[in-house]
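Work through the following exercises with the structure in view. Each task is followed by a solution in steps.

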Amino acid sequence: MFEKILIANRGEIACRIIKTARKKGIKTVAVYSRADASARHVRLADEAYEIGAAEAADSYLNGSKIIAIARKSGASAIHPGYGFLSENEEFAKACEEAEIRFIGPTADAISLMGLKDQAKKAMEEAGVPVVPGYDGDDQDAVFLSDKADEIGYPLLIKAVAGGGGKGMRLVENRSQFSSALSSAKREAKAAFGNDRVLLEKYIRRARHIEVQIFADMVGNAVYLHERDCSLQRRHQKIIEEAPAPDLSDDMRFEIGETATRAAKAIKYRGAGTIEFIVDVENGLKDAPFYFMEMNTRLQVEHPVTEMITGLDLVEWQLRVAAGERLPLKQDDIKLNGHAFEARLYAEDPGNNFLPQTGTLHHFTCPAPDLNFRLDSGIDQGDEISIYYDPMIAKLVVWGQNRSEALRHMRQVIKNTAIAGVKTNLEFLYHVFMNKAFSVADFDTGFIEKHRAELTRRFDEMPVPVLVLAALSELMPHMEGKDVWDWSDGWQLNHSLKVNLTFTANNKSHEVGVTYLKDGFEISVSDRPYKVKLLKKEQDDFSILIDGRKISGKVIMQKQDFTVFCDGKVAYLHHYIPGADKQNDQATSGTVVTPMPGKVSNILVADGADVEEGEPLVILEAMKMEHTIKAPRKGIVCFNDLTLEMQVSDGEVLFRIAESDDDG
Ligand code: MV4
């Protein structure tokens, strides 16, 4: 076994690898970019070396620098994690040439699986079913169009070098084919420098089921059962589970054996995943499945496999890379219970999932135990930057069966609180509460189909959220004081009533709090509620609202409140006239950029009379489009805003002046 390994990655996966290395008595070397000098993986490792600027191209993708550090530090192997250099055949080759073991497959295996047409051919030869289509060398447009007619419609054009849906086009009928072909080729050329494509029959209703395989260097291969990763949004996985719900034992066996056969056929070594697309047009029972692609790395969602098998996949990687045989035979690999993984992202589901950046002022979740595991690369107080993936953590639960695991996940999400950046926490809660999802009635179209209800924002801000926020604001003034004996400045005109204004999503909410001898009368939108405080422990409240028990958590960061209550997450701002520059700007009609980006479109003319909510500017930020709307009715003034202009965070985009008829 290795004495010391280098981890060529960051975030949660670097921390995950360090954990197993420590368990095995292996010393760890971290590398980090200048943005990550105090990151969690650096804090956890035995040694750490800076490798360059924040941009991945200057740091985590700098293979030769990383190899040089491995040599200098005496690490005899490099674990690439996932992403970055993990599926880079040149890097795998360079490691072996430097006599440092690449903890992963051979460069040849990475290369073979890197192109879809090659991979498909290799799989076909191994007797693995592949989606019917054309994956030959002839790329002539007329020839391909004839092939398309043979395959029939709908069909997919896929770039052979593609990934993540890039260079992929759905063609519904022959008249769409030639323009879809040229646009797929154009996109593929730009993204991968390779415009070759293949054609496939399109599977309308699909489940994404992938099999975890492992192989050693002496030809043994096993499968560690499957994961269902059908819940994706724009090819980004959100929730994964193991085993795949409702898969019959026969089909589990067949798909597992098929994956093992694939691994053996290409003389694979280490951890790998064979992705299958399962055609569920006629249900899952006896559904046909087809090879889609192979991932030649450890995957983000490996923990669900660990939960149901009780195995440590990173340990297996280390052992296989060190030349050991596979630790278990196929028959000794168990499948016990059910596991879910939910990926917690710093993104705003209420705003087209726009990635969020900022300081994680608060991050708490239940204590890990047999049923709950937290894989995180970030601690409270850390920064989420624009440079890397916005994934904050993975919440992983285990239960005896799927419904028990579901219940655990709902509890975990309800008891997780993050403040400082917006997250998809509430979105995840909606998925785990969804009726169809609860009975495993889903396919890869689930998120899109249920998008509206999964991303719904509060049309009306829930009363408990506002009550909790108001109490949280006022409590510090009250603690240790007699209810009739306050002299703080917040007490207006010596009356015992305080009025607070909270804003959220450009709406304001008035909350009036009157102190009574035995509690409060709190009015929201002029409707009074009797409120009693049962318990307050730091940020956690238990209250009665008109006799109904409500529990919640409120994180205050100056005037910004994040309220967690029954799976809901609300972001409120306590508006204090005058003391509140940003808010006054908003109400005065000045709109600033939410994040750095490029102005990709200006939708109305300078000086136009616009309505509240009218889209005015499209900002392209972090590869996504973001629509900036008018915060109120008025005359728009763009000043010197121009198309293609780069704008920095907080820069003024436009102002909305009051129109004449407003007085
Ligand atoms: C498909 C397909 C239907 N039919 N291939 C999506 C990205 C790339 N990995 C392959 N993908 C698909 N390939 C055929 N022949 C549907 C998808 C697909 C998908 C697959 C798995 C999970 C989510 C998905 C979302 C949209 C499309």
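**Exercise 1.** Determine what share of the contacts between residues at least 6 apart in sequence joins residues at least 24 apart.

*Solution.* The model is a predicted one. Take the contacts in the protein chain whose partners are at least 6 apart in sequence, with heavy atoms within 4.5 Å as the criterion. Of these, 62% link residues at least 24 apart. The secondary structure of the chain consists of 18 helices and 39 strands.

**Exercise 2.** Assess whether the radius of gyration agrees or disagrees with that of a compact globule.

*Solution.* For 663 residues, the globule rule gives a value near 26 Å. The protein chain has 28 Å, which agrees. Along the principal axes, the C-alpha atoms occupy a box of roughly 85 × 60 × 55 Å.

**Exercise 3.** Characterise burial and the exposed surface of the protein chain.

*Solution.* Count as buried the residues under 20% relative accessible area; they form 55% of the 663 residues. The exposed area is about 29,000 Å², of which carbon and sulfur atoms contribute 47%. As for charge, there are 81 positive and 101 negative side chains, and the centres of the two sets are 4 Å apart.

**Exercise 4.** Identify the largest nonpolar core and the elements that supply it.

*Solution.* This core holds 42 residues. Ile 239, Phe 340, Ile 392, Phe 432, Phe 437 and Phe 446 have the most contacts inside it. Elements supplying at least two core residues each include strand 12 (236-242), strand 15 (338-345), strand 22 (391-399) and helix 12 (402-414). Helix 13 provides the largest share, 6 residues. In soluble globular proteins, nonpolar side chains tend to be buried together.

How values were computed:
Residues numbered from 1 in each chain as written. Predicted model: local features only at pLDDT ≥ 70, side-chain atom pairs only at ≥ 80, totals over all residues. Heavy atoms only, no water. Helix = DSSP H or I, 4+ residues; strand = E, 2+ residues; numbered from the N terminus. Rg over C-alpha atoms; globule rule 2.2 N^0.38 Å. Buried < 20%, exposed > 50% of the residue type's maximum accessible area, 1.4 Å probe, protein only. Areas by Shrake-Rupley, 256 points an atom, 1.4 Å probe, with all protein chains shown as cover. Lys, Arg positive; Asp, Glu negative; His and termini not counted. Charge placed at Lys NZ, Arg CZ, Asp CG, Glu CD. Core = buried A, V, L, I, M, F, W, Y, C linked by side-chain atoms within 4.5 Å.
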